[in-house]
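Dear colleague,

Please find the structure below, followed by an account of what was found in it.

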Amino acid sequence: MAQETEHFTGPIPAQGEFCWTEIACTDLAACKSFYENVFGWQVSDAKSDEGFPYLEFSSSGVAEPDGGMYGLDPKFFGGHAPPPHIAIYVAVDDVDSAAEQAVKLGGSIMRPPTDIQGVGRMCVISDPAGAPVSLVTLIHHS
């Protein structure tokens, strides 16, 4: 598809494609330096509608970012931040339907479908073995 989101200039990924990686850490400056120096990523500030520092990076070296990084500040997680982690996002045509299907097939919903302003709708599910994966339906702009 050649449609775009407000934040992404590339084509919308197809159903089932990996489309974004997110690194959640407790020390954003240290992690930024780590990933820049270990992998050579160019990490830059990004606009965050949620009000916390959010960085974006491109692991492929192209200008379009393919991932983001943020600090796990407990105030943004109801006082209890999750542990540091890396989240992999898979594009789906309909987050709500995909989450329902995951439950029917033995998975569970870890974070219910939620709208992300200017991006789309996302949720976090786990497979039957408990491994988490994030799902996203990106906003289609014509």
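**Salt bridges and fold**

Asp 96 has a relative accessibility of 29% and therefore counts as partly exposed. Please bear in mind throughout that the model is a predicted one.

The side chain of Asp 96 meets that of Arg 121 in a salt bridge, with a distance of 2.7 Å from N to O. This pair joins distant parts of the chain, since Asp 96 belongs to helix 2 and Arg 121 to strand 7, with their positions 25 residues apart. Arg 121 has a relative accessible area of 25% and is likewise classed as partly exposed. A salt bridge also connects Arg 121 with Asp 115, where the closest N and O atoms are 2.9 Å apart. Asp 115 has a relative accessible area of 58%; because the threshold for an exposed residue is over 50%, Asp 115 is exposed. Asp 96, Asp 115 and Arg 121 are thus linked in a network of salt bridges.

A search of the whole structure finds three salt bridges. Besides the two that involve Arg 121, there is one between Lys 32 and Glu 36, whose closest N and O atoms are 3.0 Å apart. Both residues lie in helix 1, separated by four residues, or about one turn of the helix. Lys 32 is partly exposed at 27% relative accessibility, and Glu 36 is partly exposed with a relative accessible area of 24%.

I turn now to the overall architecture. The protein contains two helices and eight strands, which follow one another along the sequence in the pattern β-α-β-β-β-β-α-β-β-β. The eight strands form an open sheet with mixed pairing, in the order 2-3-4-1-5-8-7-6. Strand 2 (42–46) and strand 6 (108–116) stand at the edges; each has a single partner strand, so one side of each is left without a neighbour in the sheet. From one strand to the next, the twist averages 25 degrees.

Within this sheet, strand 7 (residues 120–126) pairs with strand 8 (residues 132–138) in the antiparallel sense, over seven bridges. Arg 121, already described as a member of the salt-bridge network, stands opposite Thr 137 in strand 8.

As to the helices, helix 1 (residues 28–39) packs on the sheet and touches strand 1 (18–25), strand 2, strand 3 (54–58), strand 4 (67–71) and strand 5 (85–91). The direction of helix 1 makes about 150 degrees with that of strand 4. Helix 2 (residues 95–104) lies across strand 6, strand 7 and strand 8, and runs at about 10 degrees to strand 7. The salt bridge between Asp 96 and Arg 121 joins helix 2 to strand 7.

Some totals for the protein complete the account. Of its 142 residues, 36% count as buried. Among contacts with a separation of 6 or more, 50% are made by residues 24 or more positions apart. The protein exposes about 8300 Å², of which carbon and sulfur atoms supply 56%.

With kind regards

Note on methods. Residues are numbered from 1 along each chain as its sequence is written. This is a predicted model: local features need pLDDT of at least 70, side-chain atom pairs count only at pLDDT 80 or more; totals for chains, interfaces and linings use all residues. Side-chain values use heavy atoms; hydrogens and water are left out. Two strands pair if DSSP finds at least two bridges between them. Axes are lines fitted to C-alpha atoms, for helices over the stretch in contact, and angles run from 0 to 180 degrees between N-to-C directions. Contact means heavy atoms within 4.5 Å. Buried means under 20% relative accessible area, exposed over 50%, partly exposed in between (1.4 Å probe, protein chains only). Accessible areas come from the Shrake-Rupley method with a 1.4 Å probe; for residues, only the protein chains shown count as cover. A salt bridge is a side-chain nitrogen of Lys or Arg within 4 Å of a carboxyl oxygen of Asp or Glu.
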